[in-house]
Amino acid sequence: MEPLLSAIMSDLLGRALSVLIQRYRPSKAEETEHKLQRLRRVLLRVEATVEEAEGRHITNQAMLRQLDMLRQGMYGGHYVLDTFRYRGHGEVSGGRDVVLSRRSSAKRLLSFPVGSSSSSKENLQNTVLDAENLKNLEKMLDGLETLMGDMVAFAVFLEGYPRIPRQPYSEYLVLDRVMFGRQMEKETIIDFLLQPEAAGDGNPGVLPIVGARRIGKSTLVEHVCLDKRVCGHFSTIVFFGGDDLGAENMAALGRSGVTKHQDLTASSCGRSLVVIELAGDMEMEEETWRNLYCSAARSMGRGGKIIITSRSEKIAALGTAPALRLKFLHQEAYWYFFKTLAFGSTNPDDHPELASLGMEIAALLDDGTFLGTNIVGSLMRDNLNVQFWRRVLQCQRHFTSKYLLTYGKHPKELLEKGYPVYAWSMARSQNVVVIHNIYQERTSEQGVPELTAHDIIAGRATHQGKFRAVGWRSRIPPYHTYMFSCESQTAGCSTVRKKRPRASADDGLI
């Protein structure tokens, strides 16, 4: 009897303890909410530190690297927080999460189409994504708390740097008129330009900058050359394009190229900065470069510097310093930028359903550059309406899936390789618009067409045959206007080369 009674008592005691633990232990939802509150608090500390640091004139490279770590942590923290905050508000994708990368989000269209009736697949995917999101939340929270704990000395040293005078603006106005996501690269270039001349033959230092098309090479260099530290260090800043290259031009800096800055005061000591922008995939032969370099060295004097930009990796071998390679924005930084553009001065927390739709639209854009982001973001900002945003998402989803199913590539990739693509539209029409090329011009009021990319999306493009349209006007230096070379065609009668899908009026977007 004693063993039996002991077993019964042990079982009863275990059940009682289990009931007490279940009653007083926080639920999974409560535990998650507590972690989200901790994440919000640590993000406030990170944002305050980043804003304070960006208002200081920091010159120390180690401090700048720490600031970049804080920025990336801020973008990542907001992305994880938004994933939880807006989850379940979007109705188009059936409640699926958007924690995956942009390319993964686009490709999963092929496996989980809108309106799928497979509830088992949906439940399985939600379960996997929930577990992944919780894991990402814990990892991000621990990482940010550790990061802020390591920033005590950073905050102390920050007080020793002078403040940068600036006017208070809303975050949207700031991001709309400043270069986003390239602060670290900018300071790296400036550090190279301001370095004192090393002991040697006195030849100019060369910094190659490599990056994909429309990734922001010209914008980055333009901002560097407008910096007061750079303007004060060089007496002359001259830009050369691929057509300007020649030993005779490099030998006559003041009479060739485009002079962006000229100051012959004694403080600049006659130093010159030459910027060479190679268009497209243009490369430079070693012998040609040697002649140009020798010619520039004779005319630039001591302390001169050369920046050369191109899409080709081969220019890395021309540098006296390691090449700077520009990369596309990370997923988290891209969402931070897109959200700010799409909502403007409106708080996304007041419109969680719009924010949920916005996360899916950003994922489908698959655009690490700023062209498509600004076109679609400004369109959405002008129409803060759930039905409108849902229609944008449906069109984008259909547009992207059509190309992925047919070619396994995003339409943006095809266009950059020289293939024409159909412009997506939210209106049904008997005509479709084909985009043959995207190019950039210096912003000018003369000769710029009135038709815009928004008109094409809204179905207001009534032109016949070939025409031009304004894609986007940049509000930051060098103030490029991005132009579309287009052609209007009758749906179903496409003359685009056979590698392109045929258009039909039923598509409503291609």
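How far apart do the end C-alpha atoms of residues 29–56 lie, and how much of the span is helix? Let's start there, and keep in mind that we're looking at a predicted model. The end C-alpha atoms sit 41 Å apart, and the span is 93% helix with 0% strand. I picked that stretch since the unreviewed UniProt entry lists residues 29–56 under "coiled-coil region".

Okay, the overall picture. The protein chain has 18 helices and 10 strands. Of its 510 residues, 49% are buried. And if you take contacts between residues at least 6 apart in sequence, 77% of them join residues at least 24 apart.

Now over to the strands, beginning with β1, residues 205–210. That one is mostly covered: 6 of its 6 residues are buried. In a regular strand, you'll recall, side chains alternate between the two faces of the sheet. Here Gly205, Leu207 and Ile209 point one way from β1, Val206, Pro208 and Val210 point the other way, and all are buried.

So who are the neighbours of β1? With strand β5, residues 305–310, β1 pairs in the parallel sense over 6 bridges. If you want a spot to click on, Val206 stands opposite Ile306 in β5. Then there's strand β6, residues 324–325, which runs parallel to β1 and is joined to it by 2 bridges. For that pairing, look at Val210, which stands opposite Arg325 in β6.

Next, a helix pair. Helix α13, residues 331–343, packs against helix α15, residues 371–381, at an angle of about 40°, and their axes are 7 Å apart. That angle makes α13 oblique to α15, and the crossing is right-handed. What does each helix bring to the contact? From α13 we get Tyr334, Phe337, Phe338, Leu341, Ala342 and Phe343. Meeting them from α15 are Thr373, Asn374, Gly377, Met380 and Arg381.

Last stop, Tyr422. You'll find Tyr422 in strand β7, residues 421–422. Is Tyr422 buried or exposed? Buried counts as under 20% relative accessible area, and Tyr422 comes in at 1%, so it's buried. One more thing about Tyr422: Glu487 is 65 residues away from it in sequence, yet their C-alpha atoms are 9.5 Å apart in space.

That's my tour. Feel free to spin the model around while we talk.

Notes
Residues are numbered from 1 along each chain as its sequence is written. This is a predicted model: local features need pLDDT of at least 70, side-chain atom pairs count only at pLDDT 80 or more; totals for chains, interfaces and linings use all residues. Side-chain values use heavy atoms; hydrogens and water are left out. UniProt positions are given in the numbering used here, feature names are shortened, and annotations may be inferred rather than shown by experiment. Helices (H or I, at least four residues) and strands (E, at least two) are DSSP runs, numbered from the N terminus. Buried means under 20% relative accessible area, exposed over 50%, partly exposed in between (1.4 Å probe, protein chains only). Two strands pair if DSSP finds at least two bridges between them. Axes are lines fitted to C-alpha atoms, for helices over the stretch in contact, and angles run from 0 to 180 degrees between N-to-C directions. Angles under 35 degrees count as roughly parallel, over 145 as roughly antiparallel, 65 to 115 as roughly perpendicular and the rest as oblique. A crossing is left-handed if the near helix is turned anticlockwise from the far one by less than a right angle, and right-handed if clockwise. Contact means heavy atoms within 4.5 Å.
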